[in-house]
Amino acid sequence: MDALRLIQYSSRNQCVLSVVLHILELCARPLDIPKTAKTSPQKGRISLTFTEMARSLAGFLVLVLVASICEGSSLFQPISDSHRSAALELFTLDHGSFESLEETYEALRTFQILGMEKKPDVTAAACRFISETVGSSSSTPKDLFYALKANSIAECKIHEKASKGIISSLNAAVRGASSLLDFYYSVGGLVLIKDQSTKADIHLADAEGVFRSVKALSQSDGRWRYSSNNPESSAFAAGIALETLAGIVSLASSELDQSLISTLKNDISKLFDSIEKYDDGTLYFNDKLVDGHEYQGPLSTTSSVLRGLTAFAAVTTGNLNLPGDKILGLAKFFLGIGVPGDAKDFFYQIDALACLESNRVSIPLILSLPSTVLSLTKKDSLKVRVTTVFGSNAPPLAVKLVGAFSSGSKDASLVASQELKFDQVSGLHILNDFSKSIDVGSYTFVFEVVLQEPEDEKVYVTGSQTKVPIFVTGHIKIENSEIVILDSDLGSIESQKKLDLAGKNAASLSANHLQKLRLSFQLTTPRGHAFKPHQAFLKLRHESEVEHIFVVENSGKQFELVLNFLGLVEKFFYLSGKYDMELTVGDAIMENSLLVAIGHIELDLPEAPEKAPRPPPQPVDPYSRYGPKAEITHIFRAPEKRPPQELSLAFLGLTILPLLGFLIGLLRLGVNMRNFPAKPVPATFGVLFHVGIGAVLLLYVFFWLKLDLFQTLKTLGFLGVFLVFVGHGVLSHLAAASAKLKSA
């Protein structure tokens with residue numbers, strides 16, 4: 001599978017794929033060991049840092065969480081309420097309406113197919129949009145096409161005069177069409193107005209000639225070109241062509257040459273010969289990326305082909321001779337996508353499924369399971385539902401479980417073929433009792449759907465057999481759990497503690513480097529078979545937070561781990577003291593997976609040699625840098641002693657004296673306003689000059705009270721430029737006036 005297909009497959013089966021990948025990964029290796037882990041010479045003993053161990057535990061927990069999230073999922077599910085909620089989020093209004101008639105139609109069509117009662121009320125805005133388009137003489141066939149498409153749902157009133165104008169315009173467009181899209185919009189518009197108008201008798205004058213013109217763009221592989229000038233063909237264009245030809249057939253005044261219809265049916269068969277396939281049986285059409293402007297993805301291309309196929313089948317007689325499995329594969333493709341995040345893709349999906357829900361080719365029936373995880377402990381029943389793609393009831397049928405195989409095994413089926421019992425109230429096919437051969441584990445169940453009425457086989461398609469992955473979980477019985485300290489030489493038991501791994505434990509042990517520790521327990525499935533979990537390991541954590549991980553090996557039902565401390569002193573970094581013990585036993589199908597503290601052990605290890613390895617530095621929490629900092633204690637210098645208040649006031653008076661002297665000097669000089677300009681422009685300059693002087697004085701006050709030196713100098717610079725400009729104007733006027741007086 002190439003990169004593009006892998007991305008598409010993952011997007012369609014994200015939940016199931018995640019579970020499969022995690023299970024495969026854990027099956028391949030019993031413990032997720034980082035490359036930086038240090039392995040002891042003794043088999044199965046690993047020393048990990050705290051971070052590495054956390055990473056391993058996180059991987060296991062992710063598996064359990066993903067499995068629980070996917071519990072309600074099955075291979076393919078019909079359309080549900082999640083699609084209705086997504087429709088409201090994707091099709092959002094812009095100021096009470098949609099941006100274009102095309103988007104308006106797609107939203108209205110989606111709401112109509114999903115049968116949504118709570119939806120945006122856009123009828124009034126849509127009718128205004130439609131009326132403007134059909135009433136405009138400059139509207140293109142594409143505009144008219146989408147206006148009529150939207151009107152087929154909005155049911156707005158179109159005046160008879162406007163209808164005649166549309167018919168005339170579209171007929172002219174058909175006669176002048178030179179490309180596939182020209183035919184598509186013009187012929188499609190005529191079909192729409194014929195369906196919406198009861199009075200109009202619309203027929204193509206030369207339907208057979210138009211049919212041949214469109215057919216001339218077809219290729220030998222069933223694909224179509226957009227125009228005779230474009231050598232590249234596509235399956236998306238084939239869908240458009242089929243829909244166009246279906247419209248031509250419906251607009252023909254007489255029956256067309258049947259050889260043309262037969263040839264077109266052969267083209268459809270050739271087109272379906274080029275269909276592409278995923279490993280899970282889903283089928284789709286895809287185009288090569290030739291022209292970025294015309295390229296359509298698998299979703300839009302497959303939707304186009306389905307829309308054209310069902311439109312053509314609706315206007316012709318006879319069978320198209322398409323295998324039902326291919327129609328079922330197309331249905332699985334659209335259902336496997338999930339809920340697209342784009343409004344355009346969402347419309348393509350819903351519109352294609354609507355074509356599959358009701359057509360003259362084949363109506364696919366989808367087998368789905370409410371849950372693919374069954375519990376032996378809870379005695380869950382196997383429940384199967386068979387519906388159409390939109391969840392409608394299927395005709396009378398029987399569902400058989402023809403086989404159950406252990407995942408990855410090629411052995412014979414674990415169960416005999418049996419029919420599930422149908423519950424008319426819930427509409428489910430149910431199997432209550434499992435075979436004794438079905439124990440906890442992952443299986444592949446094979447189902448077969450058989451229609452009871454021969455007539456239904458001509459309408460519906462069920463496929464041959466459907467394989468569904470099933471996970472059977474259960475409560476694993478844990479017995480004979482004990483932890484023992486052994487003498488290293490004789491193997492005699494120094495101390496022994498029984499453990500209750502399902503409850504609380506507080507075992508307190510002590511040992512030296514000449515002794516051994518043995519941990520043992522048994523795991524049994526609900527059917528009494530030996531059970532081997534994906535993860536089983538013991539963790540010892542020293543007081544200094546240094547951790548060591550040891551895998552617990554098994555032999556049949558018995559799990560046992562023996563630690564020879566004499567061979568582990570170097571791996572333990574010669575650290576004596578208290579070690580907390582924690583046992584982890586877990587599996588995706590083990591309902592009682594455990595992560596339990598079983599007590600502690602006091603180890604007395606020899607002193608570390610001079611060149612012994614040191615314990616690794618413990619990881620630092622990266623979020624600790626954002627925590628509270630240490631408190632800083634600081635004593636500020638005592639303020640200097642200020643002078644007496646009277647002295648300060650005396651100096652303030654001395655500062656004001658020059659200003660008083662300035663005012664007295666002005667009075668003695670006889671300052672007056674006799675030379676103030678009388679003309680408007682010079683007078684304005686004079687007023688602004690004096691205001692500027694006042695602003696400078698006010699700036700000094702603010703400098704004293706609030707502003708710093710830099711702010712004051714910046715403001716003074718602007719005021720200085722202003723004063724130079726207005727002052728120059730005033731002085732120029734005074735100089736001119738003085739020159740006139742002297743000359744007089």
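These are my notebook entries on a predicted model, written in the order in which I looked things up.

**Entry 1: the whole chain**

I began with the overall make-up, and I found 18 helices and 27 strands in the chain. I then looked up burial across the 744 residues, of which 43% count as buried. For contacts with a separation of 6 or more, I noted that residues 24 or more positions apart account for 71% of them.

**Entry 2: helix α6**

I turned next to helix α6, which runs over residues 123–134 and has 12 residues. From its first C-alpha to its last the helix reaches 16 Å, and this is close to the 16 Å expected at 1.5 Å a residue. Which residues of α6 are buried? I listed Ala125, Ala126 and Cys127, and further along Ile130, Thr133 and Val134. I also looked up what covers these buried residues of α6, and the cover includes α5 (101–114), α7 (141–154) and α8 (160–175).

**Entry 3: the disulfide that starts in α6**

Cys127 led me to the cysteines, where I wanted to know how many disulfides the count comes to. The count comes to one disulfide, and it joins Cys127 to Cys156 with an S to S distance of 1.9 Å. The pair links distant parts of the chain, since Cys127 sits in helix α6 while Cys156 lies in the loop between α7 and α8, 29 residues apart. I read -85° about the S-S bond, and with that value the link of Cys127 and Cys156 is left-handed. Both ends, Cys127 and Cys156, are buried. I also checked another cysteine, Cys355, which counts as buried because its relative accessibility is 11%, under the 20% cut-off.

**Entry 4: α10 against α11**

I then looked at how helix α10 (residues 207–215) meets helix α11 (residues 235–251), and their axes come within 10 Å and cross at roughly 170°. That angle makes α10 roughly antiparallel to α11, because angles over 145 degrees count as roughly antiparallel. From α10 the contact is made by Ala207, Val210, Phe211 and Val214, and from α11 by Ala241, Thr244, Leu245, Ile248 and Val249. When I sorted the residues of this contact, they divided into eight nonpolar, one polar and no charged.

**Entry 5: Ser303 in α13**

I picked out Ser303, which is found in helix α13. Is Ser303 buried or exposed? Ser303 is buried, because its relative accessible area is 0%. Leaving aside its neighbours within four places in sequence, I found Ser303 in contact with Phe334, Tyr348 and Ala352.

**Entry 6: two loop residues with positive phi**

Lastly I looked up two residues other than glycine with a positive phi, and I began with Asn321, where phi is near 60°. Asn321 is found in the loop between α13 (298–315) and α14 (324–336). I entered Asn321 as exposed, because its relative accessible area is 61% and the cut-off for exposed is over 50%.

For Tyr574 I noted a phi near 55°, again a positive value in a residue other than glycine. Where is Tyr574 found? I located Tyr574 in the loop between β25 (558–564) and β26 (577–586). Tyr574 is buried, because its relative accessible area is 17%, which falls under the 20% cut-off. I closed the entry with the two side by side: Asn321 is exposed, whereas Tyr574 is buried.

Technical notes:
Residues are numbered from 1 along each chain as its sequence is written. This is a predicted model: local features need pLDDT of at least 70, side-chain atom pairs count only at pLDDT 80 or more; totals for chains, interfaces and linings use all residues. Side-chain values use heavy atoms; hydrogens and water are left out. Helices (H or I, at least four residues) and strands (E, at least two) are DSSP runs, numbered from the N terminus. The expected span of a helix is 1.5 Å times one less than its number of residues. Buried means under 20% relative accessible area, exposed over 50%, partly exposed in between (1.4 Å probe, protein chains only). Contact means heavy atoms within 4.5 Å. A disulfide is a pair of cysteine sulfur atoms within 2.5 Å. Axes are lines fitted to C-alpha atoms, for helices over the stretch in contact, and angles run from 0 to 180 degrees between N-to-C directions. Angles under 35 degrees count as roughly parallel, over 145 as roughly antiparallel, 65 to 115 as roughly perpendicular and the rest as oblique. Ala, Val, Leu, Ile, Met, Phe, Trp, Tyr, Cys and Pro count as nonpolar, Asp, Glu, Lys and Arg as charged, and the others, Gly among them, as polar.
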